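Work through the exercises below with the sequence and coordinates at hand. Each task is followed by a stepwise solution.

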Amino acid sequence: MAIKVLVPTMLQKETNNQPVVECSGSSVNELLDTLEKTFPGIKGRLRDEEGTPRKFLNLYVNSEDIRFLEGTKTALKDGDEISIVPAVAGG
């Protein structure tokens, strides 16, 4: 199963400067585990101590925010595209 992961510039040093990587997983949670196995150290940038996605990152499956789906339990299938988008704030 191939799932395309779009990596933001701020995290590309964790993926050997690759802006797009292919991974596998039947859920977002499983995909994040696979990312850690493939790119050791990225987990700390994506998840907090409890294993939930960091608050400053938004994760999208095929342009749908996982917060409005099933969170990290959101099912994935071959050909899906995951976008990791850093939150932007300003004032």
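**Exercise 1. Sheet topology**

In which sense do strand 1 and strand 2 pair, and over how many bridges? Then place both strands in the sheet.

Solution.
- Step 1. The pairing of strand 1 with strand 2 is antiparallel and has four bridges. In this predicted model, one bridge pair to look up is Lys4 with its partner Glu22 in strand 2.
- Step 2. Strand 1 also pairs with strand 5; these two run parallel and are joined by three bridges. Here Leu6 is found opposite Ser83 of strand 5.
- Step 3. Strand 5 pairs in turn with strand 3, in the antiparallel sense and over five bridges. Asn58 is opposite Val85 of strand 5.
- Step 4. The five strands make an open sheet of mixed pairing, and their order is 2-1-5-3-4. The edges are taken by strand 2 and strand 4, which have a single partner strand each, so each has one side without a neighbour in the sheet.

**Exercise 2. Faces of strand 1**

Which side chains of strand 1 point to one face and are buried?

Solution.
- Step 1. Side chains alternate along strand 1, so sort the residues by face; the cut-off for buried is under 20% relative accessible area.
- Step 2. Ile3 and Val5 share one face and are buried. Lys4 and Leu6 point to the other face and are not buried.
- Step 3. List the contacts of Val5, leaving out residues up to four places away in sequence: Pro19, Val20, Val21, Cys23, Leu31, Leu35, Ile82 and Ile84.

**Exercise 3. The buried side of helix 1**

Which residues of helix 1 (residues 28-38) are buried, and why do they lie on the same side?

Solution.
- Step 1. The buried residues are Val28, Leu31, Leu32, Thr34 and Leu35.
- Step 2. Their arc around the axis is only 160 degrees, which places these residues on the same side of helix 1.
- Step 3. Compare this with the general geometry: an α-helix has 3.6 residues a turn, so residues three or four places apart point the same way.
- Step 4. Find the cover. The elements over the buried residues of helix 1 include strand 1 (3-6), strand 2 (20-23), helix 2 (43-46), strand 3 (57-61) and strand 5 (81-86).

**Exercise 4. The largest nonpolar core**

Which residues of the largest nonpolar core touch the most other members?

Solution.
- Step 1. The core has 20 residues, and those touching the most other members are Val5, Leu35 and Leu46.
- Step 2. Two or more residues each come from strand 1, strand 2, helix 1, strand 3 and strand 5.
- Step 3. The element that gives the most to this core is helix 1, with four residues.

**Exercise 5. Arg47**

Is Arg47 buried or exposed? Identify its surroundings.

Solution.
- Step 1. Arg47 is part of the loop between helix 2 and strand 3.
- Step 2. Its relative accessibility is 7%, so Arg47 is buried.
- Step 3. The side chain of Arg47 makes a polar contact of 2.8 Å with the side chain of Asn29.
- Step 4. With residues up to four places away in sequence left out, Arg47 touches Asn29, Leu32, Asp33, Thr52, Pro53 and Arg54.

**Exercise 6. Loop residues**

What are the phi values of Asn16 and Asn17? Locate both residues, then turn to Phe68 and Lys77.

Solution.
- Step 1. Most residues other than glycine have a negative phi. Asn16 has a positive phi near 55 degrees, and Asn17 a positive phi of about 65 degrees.
- Step 2. Asn16 lies in the loop between strand 1 and strand 2, as does Asn17.
- Step 3. Asn16 is exposed at 57% relative accessibility, and Asn17 is exposed at 60%.
- Step 4. Phe68 is in the loop between strand 4 (64-65) and strand 5 and is exposed at 68% relative accessibility. Its C-alpha atom is 18 Å from that of Leu31.
- Step 5. Lys77 is in the loop between strand 4 and strand 5 and is exposed at 51%. The C-alpha atoms of Lys77 and Leu35 are separated by 16 Å.

**Exercise 7. Confidence**

Which element has the lowest mean pLDDT, and which the highest?

Solution.
- Step 1. The chain has an average pLDDT of 93, and 97% of the residues score at least 70.
- Step 2. By element, the lowest mean is that of helix 2 (92) and the highest that of strand 1 (98).

Technical notes:
Residues are numbered from 1 along each chain as its sequence is written. This is a predicted model: local features need pLDDT of at least 70, side-chain atom pairs count only at pLDDT 80 or more; totals for chains, interfaces and linings use all residues. Side-chain values use heavy atoms; hydrogens and water are left out. Buried means under 20% relative accessible area, exposed over 50%, partly exposed in between (1.4 Å probe, protein chains only). The arc is that of the directions from the helix axis to the C-beta atoms. Contact means heavy atoms within 4.5 Å. A nonpolar core is a set of buried Ala, Val, Leu, Ile, Met, Phe, Trp, Tyr and Cys residues joined through side-chain atoms within 4.5 Å. A polar contact is a pair of N or O atoms within 3.5 Å; within protein, one must be able to donate a hydrogen and the other to accept it, and residues adjacent in sequence count only if both atoms are side-chain atoms. pLDDT is the predictor's confidence in each residue, from 0 to 100. Two strands pair if DSSP finds at least two bridges between them.
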